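Hello,

Here is the structure I promised to pass on to you. Have a look at it first, and then read my notes below with the model open beside them.

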Amino acid sequence: MTLTILGIESSCDDTAAAVVRGTDILSSVVYGQTALHADFGGVVPEIAARAHAEKIDLCIEEALAQADVPLSAIDGIAVTAGPGLIGGVLSGVMCAKGLATATGIPLIGVNHLAGHALTPMLTESASFPYLMLLVSGGHCQFLIAHSHDRFTRIGGTIDDAPGEAFDKTARILGLGQPGGPAVQKAAEDGDPLRFKLPRPLLDRPGCDLSFSGLKTAMLRTRDGVMAEKQGLTGADQADLAAGFQRAVADVLAEKTDRALTEYLALNPAQPSFAVAGGVAANTEIRARLQALCTAKGVTYSAPPLALCTDNAAMIAYAGGLRMAAGQTDDMTLSARPRWPLDDRTPAMLGSGKKGAKA
């Protein structure tokens, strides 16, 4: 039986709903909040949570209408239950619980990271095990996907995610938000070799990454240019953006090379590598990773740009896999600000009262 799943996603600043039947995306609706946060230089959790609460029911209605599927024909309701900004996650979970209670449709809580990590199964029919680079505004991990619910982390960021670094760089350079697209556009006319920026952790073995020092180096380099010229020219902005983008691409390419070596040691029957998450939309990074895979004889896949960023289609698909395996939830499902995909490997960023960070 092919399941028809309603997906709900509200972990950060995108309110999303989708209807997925098997691997067919019948609808995918995303209400962004960029304008709401534009004056603050980043996402304000309280504003994001309020916007989710105001829009989530409208988003679901639109997704059902676009799919031409009535709620009564839905087999399961999949919702992001974490990790993410707790106010936003809670908005989605409570809405999903209300729908499930009112209709009797099964409820499926989904790890947001699993949604990204399983996207290659949805878009490319990838086969397990495959190597996944999950690279976004809040996360950066190398994962070996063994099944829909078993992942092994072999590396990740020890501090900031690259998406966060792109956002900070955009603010440093006076570019718009979200930072990723703004920096990429500015970099198109820039010289990536003009400024010498660091490539953190390349002098150490392993697949772990770091981007905090790169952000600091960008700030100091910009300050040096401004002190010399009493401001930034358009050429300065472009060159700084290009230099930063090249540094991130160099780090991700080298660390991916190492991760592929570790993954290929498992002798997978059909070796494949996939990249997902918002930063996966960056064209230079995609090109570098694709070239690396070609050189190693590994199948490369990346989702369509619309499925790189947060969306509910990936949540619906991941929920469908869980439901098919008999994994559903009841009304005790809770919103989780932290929820590592690999809970067997020691946390990289430490733990607190709310659990392991990553």
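Leaving aside its neighbours within four places in sequence, which residues is Ile-108 in contact with? Before we get to that, please keep in mind that this is a predicted model.

Ile-108 sits in strand β5, which covers residues 107-111. Its contacts beyond those sequence neighbours come from two stretches of numbering: Gly-76, Ile-77, Ala-78 and Val-79, and then Gly-319, Arg-322, Met-323, Gln-327, Thr-328 and Asp-329. Is Ile-108 buried or exposed? With a relative accessible area of 0%, Ile-108 is buried. If you would like a sense of distance, jump from there to Ser-212: the two C-alpha atoms are 36 Å apart in space, and the residues are 104 apart in sequence.

Next, two helices that pack against one another. Helix α7 spans residues 179-187 and helix α9 spans residues 234-264; their axes are 7 Å apart and meet at an angle of about 115°. How do we describe that angle in words? Angles from 65 to 115 degrees count as roughly perpendicular, so α7 is roughly perpendicular to α9. The crossing of α7 past α9 is left-handed. On the α7 side, the contact is made by Val-183, Gln-184, Ala-186 and Ala-187, while α9 brings Ala-238, Ala-241, Ala-242, Phe-244 and Gln-245. Sorted by character, the residues of this contact are 7 nonpolar and 2 polar, with no charged ones.

Which residues of α7 are buried? They are Gly-179, Ala-182, Val-183, Gln-184, Ala-186 and Ala-187. The cover over these buried residues includes α6, α9 and α10 (283-296).

Now for the charged side chains. How many salt bridges does a search of the whole structure find? The search finds 12. Here are some to look up.

One of them pairs Glu-164 with Lys-215, with 3.5 Å from N to O. Glu-164 belongs to helix α6 (residues 162-172) and Lys-215 to helix α8 (residues 212-229), so this pair ties together parts that are 51 residues apart in sequence. The two partners are not equally covered: Glu-164 is partly exposed at 32% relative accessibility, whereas Lys-215 is buried at 12%.

Another salt bridge joins Asp-236 and Arg-194, whose closest N and O atoms are 2.8 Å apart. Asp-236 is in helix α9 and Arg-194 is in the loop between α7 and α8, so this pair links parts that are 42 residues apart in sequence. Why does Asp-236 count as buried? The cut-off for buried is under 20% relative accessible area, and Asp-236 counts as buried because its value is 1%. Arg-194, by contrast, is partly exposed at 35%.

Asp-236 has a further partner in Lys-229, with the closest N and O atoms 3.0 Å apart. Lys-229 is partly exposed, with a relative accessible area of 39%. Taken as a group, Arg-194, Lys-229, Asp-236 and Asp-239 are linked in a network of salt bridges.

Finally, a few spots in the backbone. Most residues other than glycine have a negative phi, and most peptide bonds are trans. With that in mind, where would you look for exceptions?

For cis peptide bonds, try these two places:

- Phe-128 and Pro-129 are joined by a cis peptide bond with omega at about -10°; Pro-129 is in the loop between α5 (119-123) and β6 (130-135).
- Gln-177 and Pro-178 are also joined by a cis peptide bond, here with omega at about 0°; Pro-178 is in the loop between α6 and α7.

For positive phi, try these two residues:

- Ser-125 is not a glycine, yet its phi is positive at about 55°. Ser-125 is found in the loop between α5 and β6 and is exposed, with a relative accessible area of 62%.
- Asn-267 is not a glycine either, and its phi is positive at about 55°. Asn-267 is found in the loop between α9 and β9 (272-276) and counts as exposed at 65% relative accessibility.

Enjoy exploring, and write back with any questions.

Best wishes

Conventions: Residues are numbered from 1 along each chain as its sequence is written. This is a predicted model: local features need pLDDT of at least 70, side-chain atom pairs count only at pLDDT 80 or more; totals for chains, interfaces and linings use all residues. Side-chain values use heavy atoms; hydrogens and water are left out. Axes are lines fitted to C-alpha atoms, for helices over the stretch in contact, and angles run from 0 to 180 degrees between N-to-C directions. Helices (H or I, at least four residues) and strands (E, at least two) are DSSP runs, numbered from the N terminus. Angles under 35 degrees count as roughly parallel, over 145 as roughly antiparallel, 65 to 115 as roughly perpendicular and the rest as oblique. A crossing is left-handed if the near helix is turned anticlockwise from the far one by less than a right angle, and right-handed if clockwise. Contact means heavy atoms within 4.5 Å. Ala, Val, Leu, Ile, Met, Phe, Trp, Tyr, Cys and Pro count as nonpolar, Asp, Glu, Lys and Arg as charged, and the others, Gly among them, as polar. A salt bridge is a side-chain nitrogen of Lys or Arg within 4 Å of a carboxyl oxygen of Asp or Glu. Buried means under 20% relative accessible area, exposed over 50%, partly exposed in between (1.4 Å probe, protein chains only).
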